[in-house]
Amino acid sequence: MDSPSPRPSIRRPNVRFLLSHPAHFIALGFGSGLSPVAPGTAGTLWAWLAFLVVQPLLTTAQMGWLLVASFFIGWWACTVCARHMFVADPGAIVWDEILAFWLVLWLVMPTGLLGQAVAFGLFRYFDAAKPGPVAWADQAFKGLNARGGFGIIFDDLVAAFCTLLVIALWRFW
């Protein structure tokens with residue numbers, strides 16, 4: 001008896017895939033993850049714009065609760081979307097960048113455009129280059145299950161921590 005053939009992975013999701021499940025819509029950053037070039041950067045830019053729109057409308061505590069809720073909703077969405085794509089950590093999933101960059105902005109604000117741009121550049125560096133602890137975090141949790149969904153988010157949270165550490169050291173000196 002032949003074993004069933006493995007399902008092909010969905011490397012480049014499209015609008016149809018995006019709209020086919022609420023988890024896809026969230027995990028793919030409301031469409032920003034469909035960018036054919038640098039989807040992680042597109043997702044981070046979307047996060048920056050969304051933060052600037054939402055943050056003035058919320059208290060500090062409300063923003064904190066939004067981040068907590070976004071973590072758990074994103075964990076679910078990233079798990080489901082990765083499973084449906086048959087890829088452990090697809091580049092099109094950008095909810096991890098969105099959540100992590102919201103955290104960075106929440107903790108560095110108030111700051112001007114230059115400070116925000118520095119935060120953006122540092123976060124993109126740590127997320128893309130994956131030095132030291134970010135590389136470890138990227139490999140620590142893999143799979144097409146809840147562990148893998150957590151892993152998708154975890155390495156970006158470590159990149160956010162590294163970004164915040166550099167900014168704190170910069171402000172200290």
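**Close-up views of a predicted helical chain**

**View 1. Surroundings of Asp 156 in helix α8 of the predicted model.** Once neighbours within four places in sequence are left aside, the residues in contact with Asp 156 are Asp 96, Glu 97, Ala 100, Phe 123 and Asp 127. Asp 156 is buried and yet takes part in no salt bridge, the nearest side chain of opposite charge being that of Arg 124, 5.4 Å away. Because a salt bridge is counted within 4 Å, that separation lies outside the rule.

**View 2. The salt bridge between Lys 130 and Asp 155.** The side chains of Lys 130 and Asp 155 meet with 3.1 Å from N to O, and the pair links distant parts of the chain, since Lys 130 belongs to the loop between α6 (113-129) and α7 whereas Asp 155 belongs to helix α8, 25 residues apart. Lys 130 is partly exposed, with a relative accessible area of 21%, while Asp 155, at 1% relative accessibility, counts as buried. Both residues also belong to a network of salt bridges in which Arg 124 and Asp 127 are linked with them.

**View 3. Lys 142 and its salt-bridge partners Asp 89 and Asp 138.** In the salt bridge of Asp 89 with Lys 142 the closest N and O atoms are 3.9 Å apart; this pair links distant parts of the chain, with Asp 89 in the loop between α4 (60-85) and α5 (95-108) and Lys 142 in the loop between α7 (133-140) and α8, 53 residues apart. For the salt bridge of Asp 138 with Lys 142, the corresponding distance is 3.7 Å. Lys 142 is partly exposed, with a relative accessible area of 35%, and Asp 89 is likewise partly exposed at 27%, whereas Asp 138 counts as buried at 12% relative accessibility. The count for the model comes to 5 salt bridges.

**View 4. Leu 165 in helix α8 (residues 146-172).** Leu 165 counts as partly exposed, its relative accessibility being 41%. The C-alpha atoms of Leu 165 and Arg 11 are separated by 33 Å, and the two residues are 154 residues apart along the chain.

**View 5. The protein chain as the setting for the close-ups, with 8 helices and 0 strands.** Of its 173 residues, 44% count as buried, and among contacts between residues at least 6 apart in sequence, 74% join residues at least 24 apart. The accessible surface comes to about 9200 Å², of which 70% belongs to carbon and sulfur atoms. The chain carries 10 positive and 8 negative side chains, and the centres of these two sets lie 4 Å apart.

Terms used
Residues numbered from 1 in each chain as written. Predicted model: local features only at pLDDT ≥ 70, side-chain atom pairs only at ≥ 80, totals over all residues. Heavy atoms only, no water. Helix = DSSP H or I, 4+ residues; strand = E, 2+ residues; numbered from the N terminus. Buried < 20%, exposed > 50% of the residue type's maximum accessible area, 1.4 Å probe, protein only. Contact = heavy atoms within 4.5 Å. Areas by Shrake-Rupley, 256 points an atom, 1.4 Å probe, with all protein chains shown as cover. Lys, Arg positive; Asp, Glu negative; His and termini not counted. Charge placed at Lys NZ, Arg CZ, Asp CG, Glu CD.
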